[in-house]
Amino acid sequence: MHEYTSSARVWGLSCPGFPEEVSRARRWTRDILRGSPLADDAELIVSELSANAILHTASGRECGGFHLAVAVSAQVVAVSVTDDGGTGTTPKVEHQDQDAEHGRGLGMVSVIAHRVVVHDSDHGHTVTAELYADARLGGHLC
């Protein structure tokens with residue numbers, strides 16, 4: 001790949017808002033990233049973001065759902081989960097006590113990911129977590 005161009009591959013998956021869909025989203029992500037050194041972290045992030053969508057937004061209500069996107073380039077793996085909204089608050093990172101039973105998911109994602117961005121729209125929220133390839137290890141991701 002030429003150093004001034006980038007080529008990213010993007011996959012998308014729409015899931016109904018059932019708890020068992022979180023494991024499907026994880027497997028799907030793992031299959032896409034098979035062989036990538038970032039696969040385990042991306043899978044964990046997808047699990048947390050998908051579960052948050054189901055637990056804290058209209059995605060977990062009857063007829064709700066969430067959309068997962070995975071973008072892979074030589075420099076970055078980006079995973080995004082878009083929920084159905086329905087809450088008056090924007091997802092935010094809260095650093096909870098490690099013994100807390102709730103409220104740690106997005107904080108954990110922010111520790112694992114190199115960058116986390118939350119985008120609000122009239123129809124829901126999209127949380128994107130980016131994992132950067134370590135150029136010192138010399139590897140391209142795709």
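# Exercises on helix α2, the core and the salt bridges

In helix α2 of this predicted model, the buried residues are A39, A42, E43, I45, V46, S47, L49, S50, A53 and I54. The exercises below begin from this helix and proceed to its surroundings.

## Exercise 1. Geometry and cover of α2

Determine how far α2 reaches from its first C-alpha to its last, and identify what covers its buried residues.

Solution.

Step 1. Helix α2 spans residues 39-56, which makes 18 residues.

Step 2. At 1.5 Å a residue, a reach of 26 Å is expected; the model gives 25 Å, which is close to that value.

Step 3. The cover over the buried residues of α2 includes two helices, α1 (20-32) and α3 (105-112), together with the strands β2 (65-72), β3 (76-82) and β5 (124-132).

Step 4. The cover can also be examined from the side of α3, where G105, L106, G107 and V109 are buried. Among the elements covering these residues are α2, β4 and β5.

## Exercise 2. The nonpolar core

State how many residues the largest nonpolar core has, and which of them have the most contacts inside it.

Solution.

Step 1. The largest nonpolar core comprises 28 residues, and L33, I45, V70, V77 and V79 have the most contacts within it.

Step 2. Two or more core residues come from each of β1 (9-16), α1, α2, β2, β3, α3 and β5.

Step 3. Helix α2 provides the largest share of this core, with seven residues.

Step 4. As a general background, nonpolar side chains in soluble globular proteins tend to be buried together.

Step 5. V79 serves as a worked case. Beyond four places in sequence, V79 touches A42, I45, V46, L49, A69, V70, V127, T128 and A129.

## Exercise 3. Pairing around β5

Establish which strands pair with β5, in what sense, and over how many bridges.

Solution.

Step 1. β3 pairs with β5 in the antiparallel sense, over seven bridges. Within this pairing, V79 stands opposite A129 of β5.

Step 2. Strand β4 (residues 115-121) is likewise antiparallel to β5 and is joined to it by seven bridges. The bridge partner of V116 in β5 is A129, and that of D120 is H125.

Step 3. The connection between β4 and β5 is a hairpin, with two residues between the strands.

Step 4. Burial completes the description: eight of the nine residues of β5 are buried, and the strand is mostly covered.

## Exercise 4. Salt bridges

For the pairs R24 with E21, R30 with E43, and E130 with R115, give the closest N and O separation and the accessibility of each partner.

Solution.

Step 1. The model contains four salt bridges; three are treated here.

Step 2. R24 and E21 have their closest N and O atoms 2.6 Å apart. The two residues are three places apart in helix α1, so about one helical turn separates them. R24 is partly exposed at 31% relative accessibility, whereas E21 is buried at 12%.

Step 3. R30 and E43 have a closest N and O separation of 2.7 Å. Because R30 belongs to helix α1 and E43 to helix α2, this pair ties together parts 13 residues apart in sequence. R30 is partly exposed at 34%, and E43 is buried at 13%.

Step 4. For E130 and R115 the closest N and O atoms are 3.3 Å apart. This pair links E130 in strand β5 to R115 in strand β4, 15 residues apart. E130 counts as buried at 16%, while R115 is partly exposed at 42%.

## Exercise 5. T29 and P19

Is T29 buried or exposed, and is P19 buried or exposed?

Solution.

Step 1. T29 lies in helix α1. Its relative accessible area is 0%, and therefore T29 is buried.

Step 2. Beyond four places in sequence, T29 is in contact with A42, E43, V46, L68 and V70.

Step 3. P19 lies in the loop between β1 and α1. With a relative accessible area of 60%, P19 is exposed.

Step 4. P19 and L55 are 36 residues apart along the chain, and their C-alpha atoms are separated by 8.6 Å.

## Exercise 6. Confidence

Which residues have pLDDT under 50, and how should low values be treated?

Solution.

Step 1. The protein averages a pLDDT of 84, and 78% of the residues score at least 70.

Step 2. Over residues 135-142 pLDDT stays under 50, and the model has 17 contacts for them beyond four places in sequence.

Step 3. Where pLDDT is low, the predicted coordinates should not be read in detail.

Technical notes. Residues numbered from 1 in each chain as written. Predicted model: local features only at pLDDT ≥ 70, side-chain atom pairs only at ≥ 80, totals over all residues. Heavy atoms only, no water. Helix = DSSP H or I, 4+ residues; strand = E, 2+ residues; numbered from the N terminus. Expected span 1.5 Å × (residues − 1). Buried < 20%, exposed > 50% of the residue type's maximum accessible area, 1.4 Å probe, protein only. Contact = heavy atoms within 4.5 Å. pLDDT = per-residue confidence, 0-100. Pairing = 2+ DSSP bridges. Core = buried A, V, L, I, M, F, W, Y, C linked by side-chain atoms within 4.5 Å. Salt bridge = Lys/Arg side-chain N within 4 Å of Asp/Glu carboxyl O.
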